[in-house]
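Thank you all for making the time this morning. I would like to take you through a few strands and a core in the structure I am about to put up, and I will go slowly.

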Amino acid sequence: SGAGFPYQNLQSAIDAAVDGDVIQIASGTLSGDATVDKSVTIRGANYGETAVVLDANGNPTPDLTTNLRRFEETTLDGTVTIAAKDVILDGVRLHTSDKSNPLTWDTTLVSTSTNADLDAQGLNGFTLINSFVTGYLAGNAPSFMGGDYVGPSAAKDWVIEDNFFGGVHTTSEQFGSGSLYLGGLEDASIS
């Protein structure tokens, strides 16, 4: 736990929160998986500051060890599962030491029925901004409905901007360059 963060892990903070709360986490590392089952904002030390830092030649700089942003990163070391509407992650580093998936969504909260009310879907309004997503095996890339999903929209109003996806590991069994796979989104802003 970081300075000013009274919880031993992210899950304890989420459990104590109510919809609409902001969970502010200082620089440092919080270990352990967490399920975000409330509409909360989780802010790391560098919230509001893009994770895409450019070098003198205009190329992205992926090195996290040189403190390219204002503060040392807020690292969430474990799998973060999104299980509510209107969840915001801003200025964190999602990373898993064991190279598993650092970010998942509880897709049992969405219906892929052609009759489903899109406005009532359980994962609408997800936002991931100003964050690093790193350190996983290519086969464990974050995936919402899979990159090849064909069907009705499963969620809407997502914002995924100013993030850096990288540091993907490969093995002889898990190879490729998978960084993020998204399907079934409507009215999303991804850049």
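I will start with a strand in the sheet, move to its partners, and then come to the core.

Please keep in mind throughout that this is a predicted model, and that the values I quote are computed from it.

Let me begin with strand β2, which spans residues 28-31 and has one covered face, made by Gly28 and Leu30, and one uncovered face, made by Thr29 and Ser31. Strand β2 runs parallel to strand β5, residues 74-77, and 4 bridges join the two; within this pairing, leucine 30 stands opposite leucine 76 of β5.

Turning to β5 itself, we find that both of its faces are covered, with Thr74 and Leu76 buried on one side and Thr75 and Asp77 buried on the other. Strand β5 also pairs with strand β8, residues 93-95, again in the parallel sense, this time over 3 bridges, and there aspartate 77 is the residue that stands opposite histidine 95.

I would like to stay for a moment with threonine 74, which lies in strand β5. Why does threonine 74 count as buried? Its relative accessibility is 1%, and because the cut-off for buried is under 20%, threonine 74 falls within that class. A polar atom of the threonine 74 side chain lies 3.1 Å from the backbone oxygen of alanine 26. If we leave aside neighbours within four places in sequence, threonine 74 is in contact with a set of residues that includes Ile25, Ala26, Ser27 and Gly28, as well as Gly91, Val92 and Arg93.

Now to the core. The largest nonpolar core has 33 residues, and those with the most contacts inside it are Leu10, Ile23, Ile42, Ile82, Leu89, Leu94 and Phe126. At least two residues of this core are supplied by each of α1 (10-16), β3 (34-36), β6 (80-82) and β9 (103-105), and the largest share, 3 residues, comes from α1.

Finally, which residues does leucine 94 touch, not counting those up to four places away in sequence? Among them are Leu76, which we met in β5, and also Val80, Leu103, Leu128 and Phe132.

How values were computed:
Residues are numbered from 1 along each chain as its sequence is written. This is a predicted model: local features need pLDDT of at least 70, side-chain atom pairs count only at pLDDT 80 or more; totals for chains, interfaces and linings use all residues. Side-chain values use heavy atoms; hydrogens and water are left out. Buried means under 20% relative accessible area, exposed over 50%, partly exposed in between (1.4 Å probe, protein chains only). Helices (H or I, at least four residues) and strands (E, at least two) are DSSP runs, numbered from the N terminus. Two strands pair if DSSP finds at least two bridges between them. A nonpolar core is a set of buried Ala, Val, Leu, Ile, Met, Phe, Trp, Tyr and Cys residues joined through side-chain atoms within 4.5 Å. Contact means heavy atoms within 4.5 Å. A polar contact is a pair of N or O atoms within 3.5 Å; within protein, one must be able to donate a hydrogen and the other to accept it, and residues adjacent in sequence count only if both atoms are side-chain atoms.
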